[in-house]
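Me: I'm new to this one. Can you walk me through it while I look?

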Amino acid sequence: MTATSTTDRPSASARDRTAGRPAWRRDDILASLPGQAEALLAGAVARERERRLPFDAFDAVRASGLGALLVPAEHGGPDGTLEDVAEAIITLAAADSNVPHALRLHYNVSALWRVLPADEHVRQQFGRILAGKLFGGASTEQGTPKPGLITTRLTRQDGHYRLNGRKYYSTGTLYADYAYIAAIDEQDQPVTVILPLDRPGLEIVDDWDGFGQRLTASGSLLLHDARVEESELQRVSLRELGLPSHHISAWRQLVLVATAAGIVRALVRETRDYVRSKGRAALHSSADAARDDPFIQQAIGDIAAHSHAIDALVRDTARELERGAQAIRRRAPDAQAIVLQGGLATAKTQLIVSKLALHAGQQLFEAGGASATSSALQLDRHWRNLRTIFSHNPLSHKARVLGDYHLNGTTTEFEQGRVF
């Protein structure tokens with residue numbers, strides 16, 4: 001396994017090339033997506049085979065303004081929507097699902113800050129994003145009885161603070177510029193720390209060993225007496241933010257689902273291309289060529305239909321979540337009900353898409369046969385990536401929570417953001 005740390009990242013000058021750019025325009029950002037996807041696709045199989053991290057892709061995200069898509073107009077941003085971001089995620093994931101997945105934390109905090117009051121902290125973060133900076137970070141730690149329990153400790157020292165701990169699942173942080181880190185202070189109270197990734201005492205190691213999403217840099221974030229200033233702290237935890245937290249917990253899940261939607265688009269493309277270029281009709285087939293074999297045609301039609309349904313579900317849910325975001329921003333009296341509907345829609349979409357997407361992943365091998373399992377082709381990465389994405393949350397528990405809501409009107413899990 002490659003052990004990549006912060007010392008292996010591109011130089012600061014390579015990551016700061018967006019400095020001095022004019023304001024980003026939504027239409028220009030969205031128009032850049034096909035070119036970014038084409039460039040990503042060109043080396044996707046080789047990167048997977050050789051475990052080469054796609055740093056260039058994140059330079060392209062910075063240069064295109066894609067990371068700034070959710071910055072509101074009142075902060076000088078392009079004022080994109082959650083549906084815009086979902087479509088961007090699908091488009092990039094159809095080329096290489098590692099890249100949009102690695103942007104999950106960035107789009108999570110961007111979506112959070114757009115629904116919070118525009119205080120100095122929010123303005124500072126949006127300023128960084130508009131300058132082309134990307135956010136990574138980590139909350140979860142290994143070795144705790146349950147996910148979400150935090151042991152990373154912030155302690156006061158001579159007018160500043162020191163941060164110590166070991167995070168895991170620090171997805172995308174190796175590609176980012178700032179880390180958004182969950183910790184506890186000396187009174188065991190939750191605190192959020194935002195640090196630049198070149199801060200001494202902060203190290204990122206690419207020790208993620210999952211069989212899927214191998215290039216998301218989802219491994220360890222190590223903190224060894226990293227210095228923290230008072231201005232880099234937020235003493236309100238995400239869960240204490242109320243309605244914005246409920247909204248963001250659903251959006252965070254939809255980013256995963258949108259990534260899966262892109263993978264299924266890739267399945268349509270790569271299964272078709274494999275059959276056209278390498279496929280063979282079965283021995284007992286009535287056809288002479290794979291592309292004319294009715295069973296292979298059926299398999300590809302099945303994948304294409306599943307992709308169409310998944311895309312529609314993701315778009316519809318993104319619109320529902322955007323309604324919630326706008327309700328929070330305008331302080332609508334029915335904002336809580338609208339946000340709840342977004343949470344319900346996301347949970348249902350995640351449940352159904354998990355089934356549709358994993359079925360589509362299996363159908364590739366129905367169409368391609370044993371030859372499609374060749375390691376040189378890396379076609380198995382799509383199923384592996386889907387299985388990894390849908391292992392993030394206990395889907396059976398999600399179904400139970402939905403059932404409890406529809407039977408008994410229970411909304412506790414939605415309001416606490418525990419599952420969604």
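Me: Where is Glu322 found?
Reply: Glu322 is in helix H11. Keep in mind that this is a predicted model.

Me: Buried or exposed, Glu322?
Reply: Buried. Its relative accessible area is 11%, and the cut-off for buried is under 20%.

Me: What does Glu322 touch?
Reply: Thr81, Leu82 and Arg114, leaving out residues up to four places away in sequence.

Me: Leu82 sits in H6, right? Which residues does that helix cover, and what is its span?
Reply: H6 runs over residues 82-93, twelve residues. At 1.5 Å a residue, it should span 16 Å. Its end C-alpha atoms are 16 Å apart, so the two agree.

Me: How many of the H6 residues are buried?
Reply: Ten of the twelve, so H6 is mostly covered. Leu82 is one of the buried ones. Others include Val85, Ile89, Ile90 and Ala93. Asp84 and Thr91 are buried too.

Me: What covers them?
Reply: Several helices. Among them are H2 (26-31), H3 (33-42), H7 (98-102) and H8 (104-113). H10 (243-277) and H11 (294-329) also help cover the buried residues.

Me: Switching to empty space. How many cavities of 30 Å³ or more are there?
Reply: Three. The largest cavity holds about 90 Å³.

Me: Which residues line that largest cavity?
Reply: Ala93 is part of the lining, and Ala93 is also one of the buried residues of H6. The lining also includes Ala44, Glu48, Asp96, Ile263, Arg381, His382 and Asn385.

Me: Which helices supply the lining?
Reply: H4 (44-50), H10 and H13 each give at least two residues. H13 has the largest share, with three.

Me: And what classes of residue are in that lining?
Reply: Five are nonpolar, four polar and three charged.

Me: OK, pockets now. What is the volume of the second largest pocket?
Reply: About 330 Å³. There are 19 lining residues, and the closest to the pocket centre are Ala282, Ile296, Glu366, Ala367 and Gly369.

Me: Which helices line that pocket?
Reply: H11 and H12 (335-368) each supply at least two residues. By class, the lining has eight nonpolar, seven polar and four charged residues.

Me: Staying with H12, what does Leu356 touch?
Reply: Leu356 is in H12. Its contacts are His306, Ala309, Ile310 and Leu313, not counting residues up to four places away in sequence.

Me: How many Å apart are Leu356 and Ile338?
Reply: They are 27 Å apart, C-alpha to C-alpha. In sequence, 18 residues separate them.

Me: What about rings? How many aromatic pairs are found in the whole structure?
Reply: Eleven. One of them is Tyr168 with Tyr169, an edge-to-face pair. The centres are 4.8 Å apart, with 65° between the planes.

Me: Buried or exposed, those two?
Reply: They split. Tyr168 is buried, at 5% relative accessibility. Tyr169 is partly exposed, at 44%.

Me: Why is the pair of Tyr405 and Phe414 edge-to-face?
Reply: Because its planes are at 70°, and over 60 degrees counts as edge-to-face. The ring centres are 6.4 Å apart. Phe414 is buried, with a relative accessible area of 6%.

Me: Which rings link into a cluster?
Reply: Trp113, Phe126, Phe135, Tyr178 and Tyr180, linked by ring pairs.

Me: Last topic, the backbone. What is phi for Asp188?
Reply: Near 65°, a positive value in a residue other than glycine. Most residues other than glycine have a negative phi.

Me: Where is Asp188 found?
Reply: In the loop between strand S4 (178-184) and strand S5 (190-196). Asp188 is partly exposed, at 48% relative accessibility.

Me: And what is phi for Gln378?
Reply: About 60°, again positive, although Gln378 is not a glycine. Gln378 lies in the loop between H12 and H13 (380-389).

Me: Is Gln378 buried or partly exposed?
Reply: Buried, because its relative accessibility is 8%.

Technical notes. Residues are numbered from 1 along each chain as its sequence is written. This is a predicted model: local features need pLDDT of at least 70, side-chain atom pairs count only at pLDDT 80 or more; totals for chains, interfaces and linings use all residues. Side-chain values use heavy atoms; hydrogens and water are left out. Helices (H or I, at least four residues) and strands (E, at least two) are DSSP runs, numbered from the N terminus. The expected span of a helix is 1.5 Å times one less than its number of residues. Buried means under 20% relative accessible area, exposed over 50%, partly exposed in between (1.4 Å probe, protein chains only). Contact means heavy atoms within 4.5 Å. On a 1 Å grid over the protein atoms alone, a cavity is a set of points where a 1.4 Å probe fits but cannot get out, and a pocket is an open set with protein on both sides within 12 Å along at least five of seven lines; lining residues have an atom within 4 Å of a point. Grid points are joined across faces, edges and corners, and a volume is the space filled by probe spheres set on the points. Ala, Val, Leu, Ile, Met, Phe, Trp, Tyr, Cys and Pro count as nonpolar, Asp, Glu, Lys and Arg as charged, and the others, Gly among them, as polar. Rings of Phe, Tyr and Trp (its six-membered ring) pair if their centres lie within 6.5 Å; planes under 30 degrees apart count as stacked, over 60 as edge-to-face and the rest as tilted.
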